[in-house]
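Let's walk through this model together, one packing contact at a time. Have the sequence and the 3D view ready, and follow along as we go.

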Amino acid sequence: MNDILPKKSQSEASMRSLNNKKIAQELDKWYNLQARDLPWRESKSPDPYKVWISEIMLQQTTTKVVAGYFKRFTTKWPTVNKLAKAEIEDVYEMWQGLGYYSRARNILKTAKIVSADYKGKFPYSYKELMDLPGIGPYTSRAISSICFNEKVGVVDGNVLRVHNRLIGEKVEWWNKDFHNLTQVFSDELCKYENPSHMNQALMDLGATVCTPKKVACLVCPLKKLCNSYKAQNQNEIPLPKPRKESQTWVYQVLKKPKTTQSKKRNTGYILASNETGSPILKGKPLPAGKFKKTKVKPKTYSFMHTITKHKIYVQFIDHPKDTKNLKEYKIADLRRENPSSLIEKIWQHPDFNGKL
Ligand code: SF4
């Protein structure tokens, strides 16, 4: 098949041709036999606290890595009420290595709300769950379907890939239209069979059978219903997502203030600002300075760093005398709130004015 099908109507028609009832039945049978053993699935009836913690940890991190973190975290704080009493410093410590520390902050905020306003019981519906800090469309639907049997499907990269292969067409799956179609597909499966099983089965199938590479169609419960398997084009679907055009930026970072006395790492102070005009790491504190977009590589710079489509050339410039518009940050706090490798490279660079 050579044609790429961007038109919504074509993939919509293909979606309608899928036998969703049969897909749901096969997934349910398969899940009853093949569900993965995961630490957050150990209790007989799913615990919303544990499902929530695992889903937040699994964002950007593999199941294998999360398992150890999850066990340590839930051993220290086995219930949402216990977590609600924790200090943020302790949560950060437990989170160390998982990255994206805003997730740790949101977890504590949500635990306090659930403990105080909901008497330690999570709300049942995905709509109410979405009002809690750090809980978005995917996590809210995962919690409400797995724990409270709400008939709502989840959509993530795994589900998009499985759905795209079932349809068997080369669609622009990264567009909102295909996401919406997949949401309809996923919701519909939950109407036919146990929503908890449907969502977890799709998660497991995408992680273990219908994987991005080395697709294991021969052991797939859906092979008789799958258009990609019929056409044997499963290795060409989904299409590679087009790379975004790269952008070049200069980040002029103020050198470390001369007044910072401490020689120890993590203990001195650095002025930080999130008003740098940054195209990346938005909403997070950054070392004071300014981002400028450019078409050409600058003649002088201390190092270059790439984040997604952004090429960032870092220049260190002298510290100004007037610093009244800049906020002082303890280095340890700044690293914790923004533990990106770009920031770490800045701290470590000799041109920044010596190691901190
Ligand atoms: S048959 Fe193959 S391509 Fe189709 S859903 Fe199963 S694993 Fe994916």
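At what angle do the axes of α10 and helix α12 cross? The axes of α10 and α12 (residues 195–208) cross at roughly 80 degrees and come within 9 Å. Before going on, a word on ground rules: this is a predicted model, in which local features need pLDDT of at least 70, side-chain atom pairs count only at pLDDT 80 or more, and totals for chains, interfaces and linings use all residues. Residues are numbered from 1 along each chain as its sequence is written.

Helices here are DSSP runs of H or I with at least four residues, strands are runs of E with at least two, and both are numbered from the N terminus. Axes are lines fitted to C-alpha atoms, for helices over the stretch in contact, and angles run from 0 to 180 degrees between N-to-C directions. α10 and α12 are therefore roughly perpendicular to each other (65 to 115 degrees; under 35 is roughly parallel, over 145 roughly antiparallel, and the rest oblique). On the α10 side, the contact (C-beta atoms, placed from the backbone, within 7 Å) uses Asn-158, Val-159, Arg-161 and Val-162. α12 answers with Leu-202, Met-203, Leu-205, Gly-206 and Ala-207. These residues divide into six nonpolar, two polar and one charged, where Ala, Val, Leu, Ile, Met, Phe, Trp, Tyr, Cys and Pro count as nonpolar, Asp, Glu, Lys and Arg as charged, and the others, Gly among them, as polar.

α10 also packs against α11, at about 85 degrees and with the axes 10 Å apart, so this pair too is roughly perpendicular. Val-159, Leu-160 and His-163 of α10 meet His-179, Thr-182, Phe-185 and Ser-186 of α11. Here the split is three nonpolar, four polar and no charged.

From α11 (residues 176–192) we can step to α2 (residues 20–34), whose axis lies 9 Å from that of α11 at an angle of about 65 degrees. Asn-20, Lys-21, Ile-23, Ala-24 and Leu-27 in α2 face Phe-185, Glu-188, Leu-189 and Tyr-192 in α11. Six of the residues in this contact are nonpolar, one is polar and two are charged.

Now look at the ligand. Arg-165, Cys-210, Cys-217, Cys-220 and Cys-226 come nearest among the 14 residues around the ligand (near means a C-beta atom, placed from the backbone, within 6 Å). Two elements, α10 (157–167) and α13 (227–231), give two or more residues to this shell, and α10 has the largest share with three. By class, the shell holds 10 nonpolar, two polar and two charged residues.

Finally, turn to the sheet. Four strands form an open sheet of mixed pairing, in the order β4-β1-β6-β5, where strands pair if DSSP finds at least two bridges between them. β4 (289–294) and β5 (303–307) are the edge strands, each with a single partner, so one side of each has no neighbour in the sheet. Five bridges join β5 to β6 (residues 310–317), and the two run antiparallel. Met-304 stands opposite Tyr-313 in β6, while Phe-303 has Val-314 as its bridge partner. Two residues lie between the strands of this hairpin, in which Thr-308 takes a positive phi near 45 degrees. Helix α15 (residues 341–348) lies across β1 (247–254), β5 and β6, running at about 165 degrees to β5.

Terms used:
Two residues are in contact if their C-beta atoms, placed from the backbone, lie within 7 Å.
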